[in-house]
There are 2 protein chains.
Amino acid sequence: MKPRRTQKKTDQASQRRSPCPIACGLDLFGDKWTMLVIRDLALGKTSFKDFATGPEHIPTNILSDRLTRLLDHDMIGQAPVEGDGRRLAYHLTPKGAALRPVLLALRDWGLEWIEGTAAKRA
Amino acid sequence: MKPRRTQKKTDQASQRRSPCPIACGLDLFGDKWTMLVIRDLALGKTSFKDFATGPEHIPTNILSDRLTRLLDHDMIGQAPVEGDGRRLAYHLTPKGAALRPVLLALRDWGLEWIEGTAAKRA
């Protein structure tokens, strides 16, 4: 019924480095940028421009790539903006929003162990 | 007194993408491999060979690079093996061990959201 999805799943499983849940997660967001996009979404940012103009200055080609990957893996979605149906806003899906404990643990570690860091909100 | 260390700290701060604790953490371990080395240490592995022969088959040049970086940032240490003073074993420092909540959050997310993953121990 959904051969394409099944194929994709099989491909994903065969491309895994191991069945370790940590390794599999890192295959999706184990890079310098992806978790910052997740962070921005968790903090209420919704547009490509919002992400691109963040303090870390993510290169737009990398941003495009990461958004595509997150969409492909159902970690983010896109929906028309209320009141302006022509614009689309990004949002976290339940799968993406479930990374909140990871974000919080990363934030807490950085605040504790890296001098001069500051969190945007508690 | 410790000009080199001070210099290093200044360099680190100036190379930061932002003061965000998450971004600063990802500057240290935001890649596909570093957290797997932390994971292995948390699970009791201690030697280069232990890490290199893991299920993910980390390339040894990448492993060397990541171990050096972790040592440089006081996230891991090396000490003589008890009973065999010629061999050195790696261990997590308090700073590295403090990543445990990150590991656990990553593990829980993967177990929940990525089909077919399994944790080595609860």
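Me: Which residue of β2(A) stands opposite A:P80, and what makes β1(A) and β2(A) a pair of strands?

Reply: In this predicted model, A:P80 stands opposite A:L88, which belongs to β2(A). Strand β1 of chain A covers residues 76–81 and strand β2 of chain A covers residues 84–92, and six bridges join these antiparallel strands. Pairing asks for at least two bridges, and with six bridges between them β1(A) and β2(A) therefore count as a pair.

Me: How many residues lie between the strands of that hairpin, and which residue takes a positive phi?

Reply: The hairpin of β1(A) and β2(A) has two residues between its strands, and A:G83 takes a positive phi near 90°.

Me: Where do these strands fall in the order of elements in chain A?

Reply: Chain A has seven helices and two strands, and from the N terminus on the order is α-α-α-α-α-β-β-α-α. Of the 122 residues in chain A, 30% are buried.

Me: Why is B:Q78 called exposed rather than buried?

Reply: B:Q78, a residue of strand β1 (residues 76–81) of chain B, has 11 other C-beta atoms within 10 Å. A residue counts as exposed at 12 or fewer such atoms, so B:Q78 is exposed. Leaving aside neighbours within four places in sequence, B:Q78 is in contact with B:L88, B:A89 and B:Y90, whereas the C-alpha atoms of B:Q78 and B:W109 are separated by 31 Å.

Me: What makes the relation between chain A and chain B that of a two-fold axis?

Reply: In general, two copies of a chain are related by a rotation about an axis and a shift along it. Here a turn of 180° and a shift of 0.0 Å along the axis lay chain A on chain B with an RMSD of 0.0 Å, and that is the relation of a two-fold axis. Among the residues of chain A, A:D31 comes closest to the rotation axis, its C-alpha lying at 2.1 Å.

Me: How do you know that the copies meet through the same surface?

Reply: Of the interface residues of chain A, 100% are also interface residues in chain B, so the two copies meet through the same surface. In this interface, 39 residues of chain A are in contact with 39 residues of chain B. On the side of chain A that touches chain B, the elements giving two or more residues are α2 (21–29), α3 (34–42) and α7 (100–113), and the largest share, eleven residues, comes from α7(A). By class, that side has 24 nonpolar, six polar and nine charged residues.

Me: Why are α7(A) and α7(B) described as roughly antiparallel?

Reply: The axes of α7(A) and α7(B), the latter being residues 100–113 of chain B, come within 8 Å and cross at roughly 170°. Angles over 145 degrees count as roughly antiparallel, and α7(A) and α7(B) are therefore described in that way. From α7(A) the contact takes A:P101, A:V102, A:A105, A:L106 and A:W109, and from α7(B) it takes B:P101, B:V102, B:A105, B:L106 and B:W109. By class, these are ten nonpolar, no polar and no charged residues.

Me: What makes α2(A) and α3(B) roughly antiparallel, and which residues meet there?

Reply: The axes of α2(A) and helix α3 (residues 34–42) of chain B come within 10 Å and cross at roughly 170°. This angle is over 145 degrees, so α2(A) and α3(B) are roughly antiparallel to each other. In their contact, A:I22, A:A23 and A:L26 of α2(A) meet B:M35, B:L36 and B:R39 of α3(B), and these residues divide into five nonpolar, no polar and one charged.

How values were computed
Residues numbered from 1 in each chain as written. Chains lettered and ligands numbered in written order. Predicted model: local features only at pLDDT ≥ 70, side-chain atom pairs only at ≥ 80, totals over all residues. Helix = DSSP H or I, 4+ residues; strand = E, 2+ residues; numbered from the N terminus. Least-squares fit on C-alpha atoms with pLDDT ≥ 70 in both. Contact = placed C-beta atoms within 7 Å. Buried ≥ 20, exposed ≤ 12 C-beta atoms within 10 Å, placed from the backbone. Nonpolar A, V, L, I, M, F, W, Y, C, P; charged D, E, K, R; others polar. Axes fitted to C-alpha atoms, helices over the stretch in contact; angles between N-to-C directions. Parallel < 35°, antiparallel > 145°, perpendicular 65-115°, else oblique.
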